[in-house]
Each structure stands twice: as C-alpha cells, then as structure tokens.
Amino acid sequence: MRGLLARRMKFHLLGAFVVSMGSAALYKFGVAEPRKQAYADFYRNYDPMKDFEAMKAAGVLESA
C-alpha cells in the first residue's frame, strides 16, 4: 500500500492530460476550423451593396 496515492496520481494526471488534449484537438478540427472556413467562404463572394439594396427593398431599413 506504500506509494499507492503517488502511483495512482501519476496515472490519472497522464490520463487527464491525454483526454484534455484530445478534446482540444477534436474541438479545433471539428468546430473551429470548419467555422473559420464557412466565414471565409461567405465573405469571399459577399457584396454589401447588394445586401443593402435587398434589405432596403424588403423594408428592413426604413431610414434609407
């Protein structure tokens, strides 16, 4: 029983580190990168004047 806490703590710290790094990588490549790509694709062909004219025609912008 001597040293049991230290051995178990090493195992659990290593496991926690591996799980946290895996979760971070999964979030980065599963959520953040596709989101950045979606924004880049949207703004690549975005025409603000066309969007403004569409909102003005729809009556969203009453002051314009």
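A residue is called buried when its relative accessible area is under 20%, exposed when over 50%, and partly exposed in between (1.4 Å probe, protein chains only). The structure is a predicted model, in which local features need pLDDT of at least 70 and side-chain atom pairs count only at pLDDT 80 or more, while totals for chains, interfaces and linings use all residues. Residues are numbered from 1 along each chain as its sequence is written, and side-chain values use heavy atoms, with hydrogens and water left out.

**Exercise 1.** Determine which residue forms a salt bridge with Lys56, and classify both residues by accessibility.

Solution.
Step 1. A salt bridge requires a side-chain nitrogen of Lys or Arg within 4 Å of a carboxyl oxygen of Asp or Glu.
Step 2. The partner of Lys56 is Glu53, and their closest N and O atoms are 3.8 Å apart.
Step 3. Both residues belong to helix α2 (residues 48–58), where a spacing of three residues separates them by about one helical turn. Helices are DSSP runs (H or I, at least four residues), numbered from the N terminus.
Step 4. Lys56 has 35% relative accessibility and is therefore partly exposed; Glu53, at 37%, is also partly exposed.

**Exercise 2.** Identify the residues that are linked with Glu33 in a network of salt bridges.

Solution.
Step 1. A search of the whole structure yields four salt bridges.
Step 2. One of the bridges joins the side chains of Lys28 and Glu33, at 2.8 Å from N to O.
Step 3. Glu33 also meets Lys36 in a salt bridge, at 3.3 Å from N to O. Glu33 and Lys36 lie three residues apart in helix α1, so about one helical turn separates them.
Step 4. Lys28, Glu33 and Lys36 are thus linked in a network.
Step 5. Lys28 is partly exposed at 37% relative accessibility, and Glu33 is partly exposed at 28%. Lys36, at 53%, counts as exposed.

**Exercise 3.** Describe the nonpolar surface patch that contains Leu14.

Solution.
Step 1. Patches consist of residues with over 30% relative accessible area and no salt bridge; like charges are joined within 9 Å, and nonpolar side chains (Val, Leu, Ile, Met, Phe, Trp, Tyr) within 5 Å.
Step 2. The patch is formed by Leu14, Phe17, Val18 and Met21, which together have about 420 Å² of accessible area. Accessible areas come from the Shrake-Rupley method with a 1.4 Å probe; for residues, only the protein chains shown count as cover.
Step 3. Leu14 is located in helix α1 (residues 4–44). Its relative accessible area is 54%, so Leu14 is exposed.

Conventions: Helix = DSSP H or I, 4+ residues; strand = E, 2+ residues; numbered from the N terminus.
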